[in-house]
Amino acid sequence: MPSRSEEPRRDATGSRRGSSRGASDRGVPPRATGERGGEPGIGGISDARAYTPRGRTIREGGGTPAAGRPEQRRTPRSSRSQDPFRPALQVLDGGRAAATRAGGRPGGPTRRDGGTGRTPVVRTVTARTPGGEAVEPPRRRVGGRDPRREERAAPRRPARKPPRPPRLADPVRRLRLGTALVMAMFVAIGIRLVVLQAVDTPAYADGGVADRLRTVQLPAPRGAIYDRDGAALAHSVEARYVYADPTRVEDIESTARTLSPLLGIPASELAEKMRPRKRYGVDSRFEYLARGVDIDRAREIMKLELSGIYTQRDERREVPGGDLAANLIGFTSIDMAGLEGLEARYDDLLHGEDGERTFEIGLGAPIPGGYSRTTPAKPGSSMVLTIDRDLQFMCQRILSEQAKAAQASTAAAVVIDVRTGEVLAQASEPTYNAARPQHSDPTDREDAATSFVVDPGSVHKAITFGAALQEGVITPDTSFPVSNAIRKGDTWFPDTHFANGRRMSVAGMMAYSSNVGTIQIADKLGPERLIDYQRRFGLGKPTGVGMPGEASGRLLPLSEWSDSSHGSVPIGHSVDATPLQMAAAYAAIANDGTYVQPHLVKETIDPQGNRTPAEPPATRPVLSPDNAKALRTIMEAVTTVENATGLAAAVPGYRVAGKTGTGWRLVDGKKQPGDVASFIGMAPAENPRYVIAVFVHSPSGGGGKVAAPAFRDMMTFTLRHFKVPPSSEAPPKFTVFP
């Protein structure tokens, strides 16, 4: 490369000058023109600038070109004139290109460089004027041609071929390679999908099925409870339950405030149920908010579109009568499980068998074509009771009114069809609304007829008289002297109606409820036979009427008798019994001496509508028909004899046989304050159809004043309700003191 002193310099006009060390310094005189091979030389300013890196011209390097070889010429590029090294580089490039072209043609001229391999470079010297300006020597025409035009017409040096890019830099190759990779990826994904869908489907499906399965209970509709005429006493209706998914509830407080007026539940209680919690170590996704919601109300809730709040099918137990036979029927839980009364006793029959539906769910909805299994629910059977709804209503109303008048704490009434043993009404006081049992006290829900254990008192005397008649100890015409009181052991047993030792008929003893006369009859009968007849009449064990928790009562074993027991047991003390047990005993007297087990269920109806009668009640003979009839006649004296104890029980137009009683209430074997007034009777006495027993526990009062009026009203309605014709004959006339 030339040194800095050899770089071209500019004159005053800015033109580039040649180096001060020109050709003359090397011993070569400058030439304006030159000729080679007889041709005029061509030169100019551009030729003077075409230096090699060593500053040598063609002439300096090797003389003139060979004969027949054209001289290499370069056309200056004015656009690169500012680069001092560009002319030399152009000469170098042009020389190589010319040499390449010359040496590459067949039969071309030989090289003049002596085989050195160097490209000869042409150098020309520019003439200058006296002022120092460079002047291009004039070009002469050679053979009629203009050298300048030829120079301008000479073809440019071909552009250098760009280097070939690397193989990966080829865009076509890159596109093809990318396409191949994408296609391979899609093929791999497609093959994998086919494997997942066709080969591995069972394994993956089984592995995640537990997370996708949902089970919905299909509650079995609970059977209804009907009265004897098919009127519904309790039945189920379709409803909805509202529940929350705590994991999806967004605003707990706002949601609770919105639902509170619709569900009738305090917002604080609803909010507590909607708070996130864990059950068995996992987040709970189901919490009941309300059960038995009306369908219309549930629709209103769903229209609100509250997040995390849902409804599902449910059922609600309805008791159309409210408190009608509530103590008898009982009630169910929110899950339709019987809790008390007949609902509990016959829960297996009424409940049926729940079904369920198990299915796969995705995105909150069942997966079409996914796993699904449904076990249909089996509805429960229905029951038809022996209860008459209208009679039940009247008995409850009459009993309630009489209990309030007597300031009674507990009262019970039972109506029995003496021929069949069917319980037509069974009322209790106090009572409650079976549709809303949560607002009642447990004692209000008790069925007094089967749980009210009493010391029956004088109503027990009919059993003593019946046993004596059956054993031949007495006859309807028997009479004997009766004192005002009798002593047994250390206890005196007085009469309320003093006979003063006069002879008294058995009818008179019954009419005046003589304790002394009854004890004297029992002494003739004997304790063993008395206890035997107590059992025959159904005392000492449950009746099996169908009520859960029925009390059995208790008979005093002979081994436990004291001297005073010989006086107390015959008149109904030291004996535990329920109102229903005593009513069933009187029904045996009314049914010509045959005991018929009292029962409440008449028949059952299966889900297909097939009716199955209840099992026939147990029966057994207790008295002969004649003795039973004789006993009924004796008992008529109670409602007909002047100053008798049961005159308030008489029913106009009908003959009535019955007995009053005053006993005690026993709780855990202990006597409670107050008296238990009772009256048990039958009508028509000549051919009894119904027996009604009324027991009232009040602060004071006997059966004739407290219970007898209630019996009269109930029996009057019963006889008219069932259209029983009045008695055709008047009751017999009785002689108390023959």
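**Reasoning from values to terms**

Guide: In this predicted model, helices α15 and α18 are roughly perpendicular to each other.

Visitor: Why are α15 and α18 called roughly perpendicular?

Guide: Their axes cross at roughly 110° and come within 10 Å. Angles from 65 to 115 degrees count as roughly perpendicular, and the pair is therefore given that term. The crossing is also right-handed.

Visitor: Which residues make the contact of α15 with α18, and how do they divide by class?

Guide: On α15 the contact is made by I463, T464, A467 and Q470, and on α18 by L530, Y533 and Q534. Four of these residues are nonpolar, three are polar, and none is charged. Tyr is counted as nonpolar, so Y533 stands with the nonpolar residues rather than the polar ones.

Visitor: What makes α15 a mostly covered helix?

Guide: Helix α15 spans residues 461-470, and nine of its 10 residues are buried. The term "buried" requires a relative accessible area under 20%. The residues of α15 that meet this condition are K461, A462, I463, T464, F465, G466, A467, A468 and L469.

Visitor: Against which elements do the buried residues of α15 pack?

Guide: They pack against five helices and a strand: α16 (506-511), α17 (515-525), α18 (527-536), α20, α21 (625-640) and β31 (657-667). Just after α15, G472 has a positive phi of about 75°.

Visitor: What term describes the direction of α13 relative to α23, and why?

Guide: Helix α13 (residues 389-405) and helix α23 (residues 708-721) pack at an angle of about 165°, and their axes are 9 Å apart. Angles over 145 degrees count as roughly antiparallel, so α13 is described as roughly antiparallel to α23. Helix α13 passes α23 in a right-handed crossing.

Visitor: Which residues make this contact of α13 and α23?

Guide: From α13 come D390, L391, M394, C395, I398, L399 and Q402, while α23 supplies P709, A710, D713, M714, F717, T718 and H721. By class, nine of these residues are nonpolar, three are polar and two are charged. Asp is counted as charged, and D390 and D713 are among the contact residues.

Visitor: Is Q581 buried or exposed, and how do you know?

Guide: Q581, in helix α20 (residues 579-590), has a relative accessibility of 1%. The limit for a buried residue is under 20%, so Q581 counts as buried. Beyond its sequence neighbours up to four places away, Q581 touches F537, G538, L539, G540, K541, P542, T543, A551, S552, G553 and D576.

Visitor: What lies 2.7 Å from a polar atom of the side chain of Q581?

Guide: The backbone oxygen of K541 lies at that distance from the side chain of Q581.

Visitor: How do you know that S236 makes a polar contact with the side chain of R317?

Guide: The two side chains make a contact of 2.8 Å, and a polar contact requires a pair of N or O atoms within 3.5 Å. The side chains of S236 and E315 are likewise joined by a polar contact, of 3.1 Å. S236 lies in strand β9 (residues 232-244). Leaving out residues up to four places away in sequence, S236 touches R222, E315, R316, R317 and M336.

Visitor: Why is S513 called buried?

Guide: Its relative accessible area is 9%, and the limit is under 20%, so S513 is buried. S513 lies in the loop between α16 and α17 and has a positive phi of about 55° although it is not a glycine.

Visitor: Where is N643, and what is its phi?

Guide: N643 is placed in the loop between α21 and β31. Its phi is near 65°, a positive value in a residue other than glycine.

Visitor: Which peptide bonds are cis, with omega near 5° or about -20°?

Guide: The bond from E429 to P430 is cis, with omega near 5°, and P430 lies in the loop between β21 (423-429) and α14 (448-451). A cis bond with omega of about -20° joins A683 and P684. P684 lies in the loop between β33 (675-683) and β34 (690-698).

Visitor: What share of the protein chain do buried residues make up?

Guide: They make up 44% of its 738 residues. The chain has 23 helices and 34 strands.

Definitions and conventions. Residues numbered from 1 in each chain as written. Predicted model: local features only at pLDDT ≥ 70, side-chain atom pairs only at ≥ 80, totals over all residues. Heavy atoms only, no water. Axes fitted to C-alpha atoms, helices over the stretch in contact; angles between N-to-C directions. Helix = DSSP H or I, 4+ residues; strand = E, 2+ residues; numbered from the N terminus. Parallel < 35°, antiparallel > 145°, perpendicular 65-115°, else oblique. Left-handed = near helix turned anticlockwise from the far one by under 90°. Contact = heavy atoms within 4.5 Å. Buried < 20%, exposed > 50% of the residue type's maximum accessible area, 1.4 Å probe, protein only. Polar contact = N/O pair within 3.5 Å; in protein donor to acceptor, adjacent residues only side chain to side chain.
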